[in-house]
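Reader: Hi! I have a chain open on my screen and I'd love some help reading it. Can we go through it together?

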Amino acid sequence: MRVKIIDHQDLSAAENQINEFLKKVDIKELVDIKFGTRFKNDTEGQHTFVILYEENMATGVEDPQIYE
């Protein structure tokens with residue numbers, strides 16, 4: 001299971017980032033996308049997206065993030 005977090009003030013830009021991410025990663029299963037917004041001074045909103053997914057792993061290939 002993997003997690004990708006995307007933060008952005010602009011929803012359109014966040015949407016583009018999410019779509020580009022989903023195109024780049026070899027996803028076996030998209031588990032869920034969580035969304036939240038927090039505000040500073042009741043005006044500026046920061047949108048956070050948490051993408052939960054299972055990545056396709058080629059047989060015999062080590063996960064490079066396992067050692068991070």
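Reader: Let me start with one residue I clicked on. Is Asp32 buried, partly exposed or exposed?

Author: Happy to help! One thing first: this is a predicted model. Asp32 has a relative accessible area of 29%. Buried means under 20% and exposed means over 50%, with partly exposed in between, so Asp32 counts as partly exposed.

Reader: Cool. Where does Asp32 sit?

Author: Asp32 is part of strand β2.

Reader: And which residues does Asp32 touch, if I skip its neighbours within four places in sequence?

Author: Asp32 is then in contact with Val50, Ile51 and Leu52. For Leu52, the C-alpha atom is 5.1 Å from that of Asp32, although the two residues are 20 apart along the chain.

Reader: Which side chain makes a polar contact with the side chain of Asp32?

Author: That would be Lys34: the two side chains are joined by a polar contact of 3.0 Å.

Reader: Let's zoom out. How many helices and strands are there in the chain?

Author: There is 1 helix, along with 3 strands. If you follow the sequence, the pattern is β-α-β-β.

Reader: In what order do the strands sit in the sheet?

Author: The order is β1-β3-β2, in an open sheet with antiparallel pairing. β1 (2–8) and β2 are the edge strands, each pairing on one side only. On average, neighbouring strands of this sheet are turned by 15° against each other, ignoring direction.

Reader: How many bridges join β2 to β3?

Author: 12 bridges do, and those strands run antiparallel. As for β1 and β3, they pair over 7 bridges, also in the antiparallel sense.

Reader: Can you give me some partners to find on screen?

Author: Sure! Asp7 has Thr48 in β3 as its bridge partner. You can also look for Lys40, which stands opposite Glu44 in β3.

Reader: What about the turn there? Which residue takes a positive phi in the hairpin of β2 and β3?

Author: Asn41 does, with a phi near 55°. This hairpin has 3 residues between its strands.

Reader: And the helix, where does α1 lie?

Author: α1 lies across β1, β2 and β3, and runs at about 15° to β3.

Reader: Now the inside. Which residues make up the largest nonpolar core?

Author: The core has 8 residues: Ile6, Ala14, Ile18, Phe21, Val25, Phe49, Ile51 and Tyr53. At least two of them come from α1, and at least two from β3.

Reader: Is there a general idea behind that?

Author: Yes: in soluble globular proteins, nonpolar side chains tend to be buried together.

Reader: How much of the chain is buried?

Author: Buried residues are 18% of the 68 residues in the chain.

Reader: I see some rings in there too. How many aromatic pairs are there?

Author: The count is 2 aromatic pairs. One of them is Phe21 with Tyr53, with 5.4 Å centre to centre and 70° between the planes, an edge-to-face pair. Phe21 is in helix α1 (residues 11–24) and Tyr53 in strand β3 (residues 44–55), so this pair ties together parts that are 32 residues apart in sequence. Both Phe21 and Tyr53 are buried.

Reader: And why is the pair of Phe35 and Phe49 called tilted?

Author: Planes under 30 degrees apart count as stacked, over 60 as edge-to-face, and the rest as tilted. The planes of Phe35 and Phe49 are at 45°, so the pair is tilted, with ring centres 4.8 Å apart. Phe35 is in strand β2 (residues 27–40) and Phe49 in strand β3, so to speak a link between distant parts of the chain, 14 residues apart. Phe49 is buried, at 10% relative accessible area.

Reader: Last one! Is His47 buried or exposed?

Author: His47 counts as buried, at 12% relative accessibility. This residue lies in strand β3.

Reader: What lies 3.4 Å from a polar atom of its side chain, I mean that of His47?

Author: The backbone oxygen of Gln9 does. Not counting residues up to four places away in sequence, His47 touches several others, among them Ile6, Asp7, Leu11, Phe35 and Thr37.

Reader: Great, thanks for walking me through it!

Conventions:
Residues numbered from 1 in each chain as written. Predicted model: local features only at pLDDT ≥ 70, side-chain atom pairs only at ≥ 80, totals over all residues. Heavy atoms only, no water. Phe/Tyr/Trp six-rings, centres within 6.5 Å; stacked < 30°, edge-to-face > 60°. Helix = DSSP H or I, 4+ residues; strand = E, 2+ residues; numbered from the N terminus. Buried < 20%, exposed > 50% of the residue type's maximum accessible area, 1.4 Å probe, protein only. Polar contact = N/O pair within 3.5 Å; in protein donor to acceptor, adjacent residues only side chain to side chain. Contact = heavy atoms within 4.5 Å. Core = buried A, V, L, I, M, F, W, Y, C linked by side-chain atoms within 4.5 Å. Pairing = 2+ DSSP bridges. Axes fitted to C-alpha atoms, helices over the stretch in contact; angles between N-to-C directions.
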